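Q: I'd like to learn how to read a few features off a model like this one. Can we go through them one at a time?

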Amino acid sequence: MNLHLESSVVNRQSSINITGSKSETNRLLLLQALYPNLTLENTSNSDDSDVMFEALQNSQHETRNPKLIDVHHAGTAMRFLTAFFAIQEGKEVVLTGSSRMKERPIKILVEALKQLGAEISYEENEGFPPIKIIGKKLTQSKVSLPANVSSQYISALLLIAPKLENGLELTLEGEITSVPYIKMTLQLLNEIGVKTSFIENVISVKPTAYNLQPTTLMIESDWSSASYWYSIVALSEIGTQVTLSSYKKDSLQGDSSLVEIYKNFGIETIFENNSITISKINSHNPQPKTYNLKSSPDIAQTIAVTSFGLGIGCHLTGLHTLKIKETDRLEALKIELSKLGATISVTNDSLTIEQSNNLNSNIAIATYQDHRMAMAFAPLALKVPIIINDAEVVSKSYPTFWDDLKNVGFEFSEL
């Protein structure tokens, strides 16, 4: 499905409900599988969380042959489920995914699990899915791995740690990437009664084999999804307001850094009654922007497009994990922004856009099977008509995205 977005103006005031954080949901779904007394509210309606839920449900059914579980494009599910099935004694699964998933490395996590005693082998290419896992009791408790890799490897180990006989002592080597996501995992463990510590580069998780007391957890809405609304308001007229629910001022999500970052784009955020109201209160600061996004790389595409749409230069760093996402996001941004008229350069971990007021219209944006490419570029329709190819890809994290845009005033049609 390709969409032609006409040059649009959004309503002066709008309200949108966004479902739970995909990051929190997928962590808690795994913990719920380990501790069935957990009840979850406001779970994500994303494809990734649906895949995670179905895989965990299927794991309960006995089968003589290795069970094939296909996670499609869901990287979080691939990493978390690798750890989960490694401790499911007596169960045998093959974890696979899309062609892109088979290009996304998983060796660092597999090697860490093997250090703990896991039995995992590669079905095709060394270091990449699909992988065969034979679940067993893991008795080792100490492991180390590079700290500058995807935080999902680290969180995958932490989530199964309470079920290990001797808990886990995880040593991170080097500078740590995406610290907020690691802290999110530890906080969720704490909330269900698991004892943890994070001192310098060593994380410890105590074993918690017993069944927990019945606990209900309310999942905060997704800040990554909120980022597109920050971009929409920033690209709109002064006085534009959008209210989003349900959000917390003391969020566990690293992408809540949007609140501070978008102040430089003229945006004010007010927290009230578990909602945020984001308002365009003044003109943006025209000076080039520099941000280190190592703790929140998922909002890099949004910030880059907002900056370009406003004619502001920007330099974004800390982006080395973007090359192993759904696509090579740095290269994808370079290609698509260049088509729109941007002067842009990228390295292995950074992106620089020169200040410019060039903005070509009716350009077709390729999305590379990446939900964030579609949603990050859509707000440019507030400046010029634009085409989003394969627009249905948004279902990976935000299935109602296009409906929500239409409800606030965006005009578009299917090509």
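Q: Is Leu 340 buried or exposed?
A: Buried is the label for anything under 20% relative accessible area. Leu 340 comes out at 0%, so it counts as buried. Keep in mind that this is a predicted model, so that goes for everything we look at here.

Q: Where does Leu 340 sit, and which residues is it in contact with beyond its neighbours within four places in sequence?
A: Leu 340 belongs to helix H10, residues 329-340. With those neighbours set aside, its contacts are Phe 308, Asn 358, Leu 359, Asn 360, Ile 363, Ile 365, Phe 377, Leu 380 and Ile 386. If you want a distance to check, take Glu 354: it is 14 residues from Leu 340 along the chain, and the two C-alpha atoms are 13 Å apart.

Q: Now the aromatics. How many aromatic pairs does the structure hold?
A: There are 9 aromatic pairs. To name the geometry of a pair you look at the angle between the ring planes, and over 60 degrees counts as edge-to-face. Take Phe 401 and Trp 402: their ring centres are 4.9 Å apart and the planes meet at 70°, so this pair is edge-to-face.

Q: What about the rings of Trp 402 and Phe 412?
A: Those have centres 5.8 Å apart and planes at 65°, so that pair is edge-to-face as well. The pair links distant parts of the chain, with Trp 402 in helix H12 (residues 401-408) and Phe 412 in strand E22 (residues 412-414), 10 residues apart.

Q: Are Phe 401, Trp 402 and Phe 412 buried or exposed?
A: Phe 401 is buried, at 0% relative accessible area. Trp 402 is buried too, at 8%, and Phe 412 is buried at 16%. Zooming out, one aromatic cluster is formed by Tyr 228, Tyr 398, Phe 401, Trp 402 and Phe 412.

Q: On to strands. Which residues make up the covered face and the uncovered face of strand E7?
A: The trick is to split the strand's residues by face. In E7, residues 131-134, Ile 131 and Ile 133 make up the covered face, while Lys 132 and Ile 134 are on the uncovered one.

Q: Which strands pair with E7, and in what sense?
A: Strand E5 (residues 92-96) pairs with E7 in the antiparallel sense over 4 bridges. Strand E6 (residues 119-122) also runs antiparallel to E7, joined to it by 4 bridges. To get the register, pick out residues that face each other: Glu 92 is opposite Ile 134 of E7, and Tyr 122 is opposite Ile 131 of E7.

Q: Last topic, pockets. How much space lies in the largest pocket, and which residues are closest to its centre?
A: Start with volume, then move to the lining. The largest pocket has about 360 Å³ of space. Its lining has 20 residues, and those closest to the centre are Gln 32, Ala 33, Leu 34, Phe 84 and Gln 88. Two elements give two or more residues to that lining, helix H1 (22-34) and helix H2 (47-58), and H1 gives the most, with 4 residues. By residue class, the lining has 10 nonpolar, 5 polar and 5 charged residues.

Q: And what lines the second largest pocket?
A: That pocket holds about 190 Å³ of space. It has 14 lining residues, with Leu 235, Ser 236, Glu 237, Leu 382 and Lys 383 nearest its centre. Here the lining splits into 6 nonpolar, 4 polar and 4 charged.

Terms used. Residues are numbered from 1 along each chain as its sequence is written. This is a predicted model: local features need pLDDT of at least 70, side-chain atom pairs count only at pLDDT 80 or more; totals for chains, interfaces and linings use all residues. Side-chain values use heavy atoms; hydrogens and water are left out. On a 1 Å grid over the protein atoms alone, a cavity is a set of points where a 1.4 Å probe fits but cannot get out, and a pocket is an open set with protein on both sides within 12 Å along at least five of seven lines; lining residues have an atom within 4 Å of a point. Grid points are joined across faces, edges and corners, and a volume is the space filled by probe spheres set on the points. Ala, Val, Leu, Ile, Met, Phe, Trp, Tyr, Cys and Pro count as nonpolar, Asp, Glu, Lys and Arg as charged, and the others, Gly among them, as polar. Rings of Phe, Tyr and Trp (its six-membered ring) pair if their centres lie within 6.5 Å; planes under 30 degrees apart count as stacked, over 60 as edge-to-face and the rest as tilted. Buried means under 20% relative accessible area, exposed over 50%, partly exposed in between (1.4 Å probe, protein chains only). Two strands pair if DSSP finds at least two bridges between them. Contact means heavy atoms within 4.5 Å.
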